[in-house]
Amino acid sequence: MAASHYRSNLRDIHFNLFEVFGTGDSLGRGPFAELDAATVRDILSEAERLAVGPVAASYAESDCNPPVYDPATCSVSMPDAFKASYQAYMAAEWWRLDIPAALGGTGAPRALWWSIAELIQGAQAPVFMFGSGPGMAGLLWRLGTPAQRRVAQIMIERRWGATMVLTEPDAGSDVGAGTTKATAQPDGSWHIQGVKRFITSGEHDLEENIVHFVLARPDGAAPGTKGLSMFAVPKHRSVPAFEGDVAAQEICRPFYSRPLLRSSAGHRLLDVLGRAHCRRLHRPVRCSTLLPALDEFFAG
Ligand SMILES: Cc1cc2nc3c(=O)[nH]c(=O)nc-3n(C[C@H](O)[C@H](O)[C@H](O)COP(=O)(O)OP(=O)(O)OC[C@H]3O[C@@H](n4cnc5c(N)ncnc54)[C@H](O)[C@@H]3O)c2cc1C
(Lines give C-alpha, C1' and ligand atoms only; values in the text may rest on other atoms or scores of the structure.)
Protein backbone atom coordinates (compact mmCIF):
# COMPACT_ATOMS: atom_id res chain seq x y z
CA MET A 1 0.00 0.00 0.00
CA ALA A 2 1.31 3.48 -0.88
CA ALA A 3 2.45 5.59 2.05
CA SER A 4 -0.17 8.02 3.29
CA HIS A 5 0.25 11.73 2.58
CA TYR A 6 -1.26 12.48 6.00
CA ARG A 7 0.94 12.84 9.07
CA SER A 8 -1.43 12.76 12.05
CA ASN A 9 -0.47 13.84 15.55
CA LEU A 10 -2.44 11.88 18.12
CA ARG A 11 -0.18 12.98 20.97
CA ASP A 12 -1.15 16.60 20.27
CA ILE A 13 -4.86 15.68 20.30
CA HIS A 14 -4.47 13.78 23.61
CA PHE A 15 -2.63 16.77 25.06
CA ASN A 16 -5.40 19.18 24.08
CA LEU A 17 -8.24 16.91 25.20
CA PHE A 18 -6.90 15.67 28.52
CA GLU A 19 -4.33 18.24 29.63
CA VAL A 20 -5.68 21.54 28.24
CA PHE A 21 -9.47 21.19 28.06
CA GLY A 22 -9.96 18.64 30.87
CA THR A 23 -12.30 16.53 28.75
CA GLY A 24 -11.57 13.56 31.01
CA ASP A 25 -13.49 15.29 33.83
CA SER A 26 -16.79 14.99 31.95
CA LEU A 27 -16.38 11.27 31.14
CA GLY A 28 -18.02 8.43 33.06
CA ARG A 29 -21.07 10.42 34.14
CA GLY A 30 -24.18 12.18 32.87
CA PRO A 31 -24.62 11.92 29.10
CA PHE A 32 -21.10 10.48 28.76
CA ALA A 33 -21.49 7.72 31.37
CA GLU A 34 -20.52 5.07 28.81
CA LEU A 35 -17.17 6.67 28.00
CA ASP A 36 -13.92 6.58 29.92
CA ALA A 37 -10.49 7.94 29.00
CA ALA A 38 -9.22 4.57 27.74
CA THR A 39 -12.23 4.22 25.42
CA VAL A 40 -11.72 7.74 24.12
CA ARG A 41 -8.07 6.95 23.34
CA ASP A 42 -9.17 3.75 21.54
CA ILE A 43 -11.74 5.69 19.50
CA LEU A 44 -9.11 8.21 18.51
CA SER A 45 -6.66 5.48 17.51
CA GLU A 46 -9.30 3.84 15.31
CA ALA A 47 -10.28 7.17 13.76
CA GLU A 48 -6.60 7.89 13.09
CA ARG A 49 -6.22 4.52 11.33
CA LEU A 50 -9.24 5.33 9.16
CA ALA A 51 -7.95 8.82 8.37
CA VAL A 52 -4.37 7.87 7.54
CA GLY A 53 -5.52 4.82 5.55
CA PRO A 54 -8.71 4.72 3.46
CA VAL A 55 -9.71 8.38 3.84
CA ALA A 56 -6.31 9.75 2.82
CA ALA A 57 -5.85 7.13 0.09
CA SER A 58 -7.71 8.99 -2.68
CA TYR A 59 -6.34 12.45 -1.86
CA ALA A 60 -4.01 12.85 -4.86
CA GLU A 61 -6.21 10.95 -7.31
CA SER A 62 -9.29 13.00 -6.40
CA ASP A 63 -7.26 16.16 -6.94
CA CYS A 64 -6.19 15.02 -10.42
CA ASN A 65 -9.67 13.74 -11.35
CA PRO A 66 -12.20 16.28 -10.11
CA PRO A 67 -15.98 15.78 -10.02
CA VAL A 68 -17.63 15.90 -13.47
CA TYR A 69 -20.63 18.19 -14.04
CA ASP A 70 -23.16 17.24 -16.69
CA PRO A 71 -25.05 20.39 -17.74
CA ALA A 72 -27.68 18.31 -19.56
CA THR A 73 -28.86 16.68 -16.34
CA CYS A 74 -27.46 19.27 -13.87
CA SER A 75 -25.81 16.35 -12.10
CA VAL A 76 -22.30 15.71 -10.76
CA SER A 77 -20.39 12.42 -10.84
CA MET A 78 -17.73 11.92 -8.19
CA PRO A 79 -14.46 10.09 -8.94
CA ASP A 80 -14.50 6.40 -7.92
CA ALA A 81 -11.44 6.75 -5.68
CA PHE A 82 -13.10 9.55 -3.73
CA LYS A 83 -16.29 7.51 -3.46
CA ALA A 84 -14.26 4.71 -1.82
CA SER A 85 -12.78 7.10 0.77
CA TYR A 86 -16.17 8.63 1.46
CA GLN A 87 -17.85 5.22 1.86
CA ALA A 88 -15.09 4.09 4.24
CA TYR A 89 -15.70 7.16 6.40
CA MET A 90 -19.48 6.76 6.39
CA ALA A 91 -19.30 2.99 7.03
CA ALA A 92 -17.07 3.49 10.10
CA GLU A 93 -19.96 5.52 11.59
CA TRP A 94 -17.83 7.77 13.80
CA TRP A 95 -20.35 10.46 12.79
CA ARG A 96 -22.67 8.89 15.40
CA LEU A 97 -20.62 10.83 17.97
CA ASP A 98 -22.05 13.98 16.35
CA ILE A 99 -25.79 13.21 16.60
CA PRO A 100 -28.29 12.98 19.47
CA ALA A 101 -28.69 9.60 21.19
CA ALA A 102 -32.41 9.59 20.29
CA LEU A 103 -31.39 9.70 16.63
CA GLY A 104 -29.01 6.78 17.01
CA GLY A 105 -26.06 8.77 18.22
CA THR A 106 -23.39 8.03 20.81
CA GLY A 107 -23.21 10.63 23.57
CA ALA A 108 -19.75 12.20 23.34
CA PRO A 109 -18.12 15.47 24.38
CA ARG A 110 -17.96 17.94 21.50
CA ALA A 111 -14.20 18.15 21.90
CA LEU A 112 -13.94 14.42 21.09
CA TRP A 113 -16.07 14.83 17.97
CA TRP A 114 -13.94 17.74 16.77
CA SER A 115 -10.78 15.75 17.45
CA ILE A 116 -12.04 13.11 15.05
CA ALA A 117 -12.98 15.88 12.64
CA GLU A 118 -9.38 17.12 12.78
CA LEU A 119 -8.11 13.68 11.78
CA ILE A 120 -10.56 13.25 8.89
CA GLN A 121 -10.15 16.80 7.65
CA GLY A 122 -6.39 16.53 7.87
CA ALA A 123 -6.48 13.38 5.78
CA GLN A 124 -8.98 14.69 3.23
CA ALA A 125 -11.23 17.63 4.10
CA PRO A 126 -13.85 17.03 1.34
CA VAL A 127 -14.68 13.61 2.82
CA PHE A 128 -15.68 15.35 6.03
CA MET A 129 -17.69 18.01 4.18
CA PHE A 130 -19.53 15.54 1.94
CA GLY A 131 -20.21 13.48 5.07
CA SER A 132 -22.12 16.28 6.81
CA GLY A 133 -25.54 14.64 6.28
CA PRO A 134 -25.81 13.05 9.76
CA GLY A 135 -24.76 16.25 11.53
CA MET A 136 -27.37 18.23 9.64
CA ALA A 137 -29.95 15.52 10.40
CA GLY A 138 -29.04 16.10 14.05
CA LEU A 139 -29.81 19.80 13.59
CA LEU A 140 -33.19 18.97 12.08
CA TRP A 141 -33.85 16.58 14.96
CA ARG A 142 -32.98 19.17 17.60
CA LEU A 143 -35.03 21.97 16.05
CA GLY A 144 -37.76 20.26 14.07
CA THR A 145 -41.39 19.38 14.57
CA PRO A 146 -42.27 15.68 15.08
CA ALA A 147 -42.84 15.29 11.33
CA GLN A 148 -39.52 16.96 10.57
CA ARG A 149 -37.85 14.68 13.10
CA ARG A 150 -39.07 11.73 11.04
CA VAL A 151 -37.27 13.26 8.06
CA ALA A 152 -34.13 13.48 10.22
CA GLN A 153 -34.47 9.75 10.97
CA ILE A 154 -34.78 9.00 7.26
CA MET A 155 -31.67 11.09 6.62
CA ILE A 156 -29.77 8.83 9.02
CA GLU A 157 -31.35 5.55 7.88
CA ARG A 158 -30.76 6.32 4.18
CA ARG A 159 -27.52 8.26 4.77
CA TRP A 160 -28.74 11.30 2.82
CA GLY A 161 -26.25 14.08 2.24
CA ALA A 162 -26.78 17.69 3.28
CA THR A 163 -25.48 21.17 2.57
CA MET A 164 -25.57 24.62 4.14
CA VAL A 165 -26.76 27.21 1.65
CA LEU A 166 -26.01 30.72 2.92
CA THR A 167 -23.78 32.58 0.49
CA GLU A 168 -25.08 34.76 -2.34
CA PRO A 169 -23.23 36.86 -4.93
CA ASP A 170 -23.72 39.97 -2.77
CA ALA A 171 -23.97 38.31 0.63
CA GLY A 172 -20.86 36.52 1.84
CA SER A 173 -19.32 37.74 5.11
CA ASP A 174 -22.39 39.95 5.47
CA VAL A 175 -24.85 37.06 5.46
CA GLY A 176 -27.68 39.35 6.60
CA ALA A 177 -27.57 41.08 3.19
CA GLY A 178 -29.09 37.96 1.64
CA THR A 179 -31.98 38.65 -0.72
CA THR A 180 -33.25 35.12 -1.38
CA LYS A 181 -37.01 35.24 -0.86
CA ALA A 182 -39.32 32.71 0.74
CA THR A 183 -42.97 33.07 -0.22
CA ALA A 184 -45.65 31.18 1.68
CA GLN A 185 -48.08 29.25 -0.54
CA PRO A 186 -51.76 28.71 0.21
CA ASP A 187 -51.17 25.00 0.82
CA GLY A 188 -48.65 25.75 3.56
CA SER A 189 -45.62 25.19 1.37
CA TRP A 190 -42.93 27.74 0.51
CA HIS A 191 -41.40 28.91 -2.73
CA ILE A 192 -37.75 29.92 -2.50
CA GLN A 193 -36.32 32.31 -5.10
CA GLY A 194 -32.78 33.63 -5.28
CA VAL A 195 -29.19 32.94 -6.30
CA LYS A 196 -26.76 31.06 -4.05
CA ARG A 197 -23.12 30.24 -4.71
CA PHE A 198 -20.07 28.45 -3.27
CA ILE A 199 -22.19 25.59 -1.91
CA THR A 200 -19.92 22.78 -0.75
CA SER A 201 -21.12 19.30 -1.82
CA GLY A 202 -24.12 20.99 -3.45
CA GLU A 203 -24.56 18.16 -5.95
CA HIS A 204 -23.08 14.66 -6.18
CA ASP A 205 -23.87 11.00 -6.74
CA LEU A 206 -22.61 9.69 -3.39
CA GLU A 207 -26.08 9.29 -1.87
CA GLU A 208 -29.64 8.96 -3.20
CA ASN A 209 -30.70 12.35 -1.85
CA ILE A 210 -29.32 15.65 -0.54
CA VAL A 211 -31.15 17.93 1.86
CA HIS A 212 -30.16 21.57 1.35
CA PHE A 213 -30.47 23.79 4.43
CA VAL A 214 -31.16 27.18 2.85
CA LEU A 215 -31.22 30.65 4.40
CA ALA A 216 -34.02 32.78 2.93
CA ARG A 217 -36.14 35.73 3.96
CA PRO A 218 -39.89 35.20 4.25
CA ASP A 219 -41.95 37.97 2.62
CA GLY A 220 -42.31 40.89 5.04
CA ALA A 221 -39.57 39.67 7.40
CA ALA A 222 -37.10 42.15 8.91
CA PRO A 223 -33.88 43.10 7.08
CA GLY A 224 -30.52 41.74 8.24
CA THR A 225 -29.88 38.43 9.95
CA LYS A 226 -32.94 38.77 12.19
CA GLY A 227 -35.28 38.33 9.23
CA LEU A 228 -33.66 35.14 7.92
CA SER A 229 -35.21 31.72 8.33
CA MET A 230 -33.68 28.38 7.43
CA PHE A 231 -35.45 25.98 5.10
CA ALA A 232 -34.56 22.38 4.40
CA VAL A 233 -34.92 21.66 0.69
CA PRO A 234 -34.56 18.01 -0.34
CA LYS A 235 -33.11 17.50 -3.83
CA HIS A 236 -35.64 14.74 -4.58
CA ARG A 237 -39.25 15.01 -3.53
CA SER A 238 -39.73 11.29 -3.34
CA VAL A 239 -37.43 8.32 -3.16
CA PRO A 240 -38.50 5.00 -4.77
CA ALA A 241 -37.95 3.05 -1.54
CA PHE A 242 -40.50 5.27 0.20
CA GLU A 243 -43.10 5.49 -2.60
CA GLY A 244 -46.51 5.28 -0.98
CA ASP A 245 -44.88 5.00 2.41
CA VAL A 246 -45.85 7.23 5.33
CA ALA A 247 -42.30 8.51 5.51
CA ALA A 248 -42.40 9.77 1.94
CA GLN A 249 -45.70 11.51 2.58
CA GLU A 250 -44.21 13.24 5.54
CA ILE A 251 -41.62 14.75 3.30
CA CYS A 252 -44.11 15.85 0.67
CA ARG A 253 -46.95 16.89 2.92
CA PRO A 254 -47.24 20.48 4.17
CA PHE A 255 -46.12 20.84 7.75
CA TYR A 256 -48.37 23.30 9.54
CA SER A 257 -46.09 23.90 12.44
CA ARG A 258 -45.63 26.33 15.25
CA PRO A 259 -44.85 30.00 14.60
CA LEU A 260 -41.23 30.76 13.68
CA LEU A 261 -40.73 27.15 12.67
CA ARG A 262 -42.26 27.16 9.24
CA SER A 263 -42.31 24.21 6.91
CA SER A 264 -43.09 23.38 3.35
CA ALA A 265 -43.96 20.73 0.85
CA GLY A 266 -44.63 22.37 -2.52
CA HIS A 267 -40.95 22.81 -3.25
CA ARG A 268 -39.88 20.15 -0.76
CA LEU A 269 -39.18 22.80 1.81
CA LEU A 270 -39.02 22.26 5.52
CA ASP A 271 -38.24 25.41 7.41
CA VAL A 272 -36.41 24.22 10.49
CA LEU A 273 -34.84 27.24 12.06
CA GLY A 274 -36.82 30.22 13.29
CA ARG A 275 -35.43 33.17 15.15
CA ALA A 276 -36.29 31.61 18.50
CA HIS A 277 -34.06 28.72 17.62
CA CYS A 278 -31.26 31.00 16.45
CA ARG A 279 -31.28 32.39 19.95
CA ARG A 280 -31.09 28.87 21.36
CA LEU A 281 -28.10 28.10 19.20
CA HIS A 282 -26.31 31.23 20.31
CA ARG A 283 -26.95 30.75 24.00
CA PRO A 284 -23.85 28.65 24.79
CA VAL A 285 -21.56 31.33 23.39
CA ARG A 286 -22.49 33.57 26.26
CA CYS A 287 -21.56 30.97 28.88
CA SER A 288 -18.35 31.47 30.76
CA THR A 289 -17.24 27.87 30.29
CA LEU A 290 -17.85 27.23 26.65
CA LEU A 291 -17.01 23.53 26.33
CA PRO A 292 -19.32 22.16 29.07
CA ALA A 293 -22.09 24.38 27.73
CA LEU A 294 -21.67 23.04 24.22
CA ASP A 295 -21.59 19.48 25.57
CA GLU A 296 -24.83 20.12 27.42
CA PHE A 297 -26.51 21.61 24.33
CA PHE A 298 -25.52 18.82 21.98
CA ALA A 299 -26.27 16.08 24.47
CA GLY A 300 -29.80 17.43 24.90
C1 LIG B 1 -14.09 26.44 -0.52
C2 LIG B 1 -15.31 27.22 -0.11
C3 LIG B 1 -16.42 26.55 0.32
C4 LIG B 1 -17.56 27.26 0.68
N5 LIG B 1 -18.67 26.56 1.08
C6 LIG B 1 -19.79 27.23 1.35
C7 LIG B 1 -20.99 26.53 1.70
O8 LIG B 1 -21.01 25.31 1.79
N9 LIG B 1 -22.10 27.25 1.93
C10 LIG B 1 -22.12 28.60 1.87
O11 LIG B 1 -23.17 29.17 2.10
N12 LIG B 1 -21.01 29.30 1.55
C13 LIG B 1 -19.86 28.65 1.28
N14 LIG B 1 -18.72 29.34 0.94
C15 LIG B 1 -18.77 30.77 0.84
C16 LIG B 1 -18.11 31.48 2.01
O17 LIG B 1 -18.89 31.33 3.18
C18 LIG B 1 -17.93 32.93 1.59
O19 LIG B 1 -16.92 32.93 0.61
C20 LIG B 1 -17.56 33.80 2.75
O21 LIG B 1 -18.68 34.01 3.57
C22 LIG B 1 -17.00 35.14 2.26
O23 LIG B 1 -17.90 35.74 1.38
P24 LIG B 1 -17.42 36.34 -0.03
O25 LIG B 1 -16.63 35.31 -0.76
O26 LIG B 1 -18.62 36.92 -0.72
O27 LIG B 1 -16.40 37.50 0.31
P28 LIG B 1 -16.74 38.96 0.86
O29 LIG B 1 -17.66 38.87 2.04
O30 LIG B 1 -17.18 39.82 -0.28
O31 LIG B 1 -15.32 39.42 1.36
C32 LIG B 1 -14.31 39.82 0.43
C33 LIG B 1 -13.13 40.34 1.21
O34 LIG B 1 -13.51 41.45 2.05
C35 LIG B 1 -13.18 41.18 3.41
N36 LIG B 1 -14.23 41.71 4.27
C37 LIG B 1 -15.54 41.42 4.22
N38 LIG B 1 -16.21 42.10 5.16
C39 LIG B 1 -15.30 42.85 5.82
C40 LIG B 1 -15.39 43.78 6.89
N41 LIG B 1 -16.55 44.08 7.48
N42 LIG B 1 -14.24 44.35 7.33
C43 LIG B 1 -13.07 44.05 6.73
N44 LIG B 1 -12.94 43.18 5.72
C45 LIG B 1 -14.03 42.60 5.25
C46 LIG B 1 -13.07 39.67 3.52
O47 LIG B 1 -12.20 39.29 4.59
C48 LIG B 1 -12.51 39.29 2.17
O49 LIG B 1 -11.11 39.43 2.13
C50 LIG B 1 -17.56 28.66 0.59
C51 LIG B 1 -16.43 29.34 0.18
C52 LIG B 1 -15.31 28.64 -0.18
C53 LIG B 1 -14.09 29.39 -0.64
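# A tour of the predicted model

Of the protein's 300 residues, 37% count as buried. The model is predicted. Colour by secondary structure to begin: the protein has ten helices and eight strands. Among contacts with a separation of 6 or more, 69% are between residues 24 or more positions apart.

**Stop 1: helix H2**

Select residues 37–57, which form helix H2. Its 21 residues reach 29 Å from the first C-alpha to the last, close to the 30 Å expected at 1.5 Å a residue. Now centre on Ala51, where H2 bends by about 35°. Pro54 follows within four residues of that point.

Show the side chains of H2 next. Its buried residues include Val40, Leu44, Ala47, Glu48, Leu50 and Ala51. Pro54, Val55, Ala56 and Ala57 are buried as well. An α-helix has 3.6 residues a turn, so residues three or four places apart point the same way. To see part of what covers the buried residues of H2, add helices H1 (10–20), H3 (59–64), H4 (80–92) and H5 (110–130).

**Stop 2: Ser62**

Stay with helix H3 and pick Ser62, which lies in it. Is Ser62 buried or exposed? Ser62 has 22 other C-beta atoms within 10 Å, so it counts as buried. Apart from neighbours within four places in sequence, Ser62 is in contact with Pro79, Ala81 and Phe82. Then draw a C-alpha to C-alpha distance from Ser62 to Gln124: these residues are 62 apart in sequence and 9.8 Å apart in space.

**Stop 3: two loops with positive phi**

Most residues other than glycine have a negative phi, and most peptide bonds are trans. Two residues to check against that are Cys74 and Glu93, both with positive phi.

Select Cys74, in the loop between strand E1 (68–70) and strand E2 (75–77). Its phi is near 55°. Cys74 counts as exposed because 8 other C-beta atoms lie within 10 Å.

Move to Glu93, in the loop between H4 and H5. Here phi is about 60°, again in a residue that is not a glycine. Glu93 has 12 C-beta neighbours inside 10 Å and therefore counts as exposed.

**Stop 4: strand E6 and its partners**

Select residues 210–218, strand E6. How many of its nine residues are buried? Eight are, leaving the strand mostly covered. Add the following strands in turn:

- Strand E3 (residues 161–165) runs parallel to E6 and is joined to it by five bridges. Look for Met164 opposite Phe213 in E6.
- Strand E4 (residues 181–184) also runs parallel to E6, with two bridges. Lys181 stands opposite Arg217 in E6.
- Strand E7 (residues 229–234) pairs with E6 in the antiparallel sense over six bridges. Ala216 of E6 faces Ser229 in E7.

**Stop 5: the ligand**

Keep Met164 selected, since the residues around the ligand include it. Which other residues surround the ligand? Thr163, Val165, Leu166 and Thr167 do, together with Gly172 and Ser173, and with Phe198, Ile199 and Thr200. Colour this shell by residue class: five residues are nonpolar, five are polar and none is charged. Met164 thus links two stops, being part of the ligand's surroundings and standing opposite Phe213 in E6.

Key: Residues are numbered from 1 along each chain as its sequence is written. This is a predicted model: local features need pLDDT of at least 70, side-chain atom pairs count only at pLDDT 80 or more; totals for chains, interfaces and linings use all residues. The expected span of a helix is 1.5 Å times one less than its number of residues. The bend at a residue is the angle between axes fitted to the seven residues ending there and the seven starting there. A residue is buried if 20 or more other C-beta atoms lie within 10 Å of its own, exposed if 12 or fewer, and partly exposed in between; C-beta atoms are placed from the backbone. Two residues are in contact if their C-beta atoms, placed from the backbone, lie within 7 Å. A residue is near a molecule or strand if its C-beta atom, placed from the backbone, lies within 6 Å of it. Ala, Val, Leu, Ile, Met, Phe, Trp, Tyr, Cys and Pro count as nonpolar, Asp, Glu, Lys and Arg as charged, and the others, Gly among them, as polar. Two strands pair if DSSP finds at least two bridges between them.
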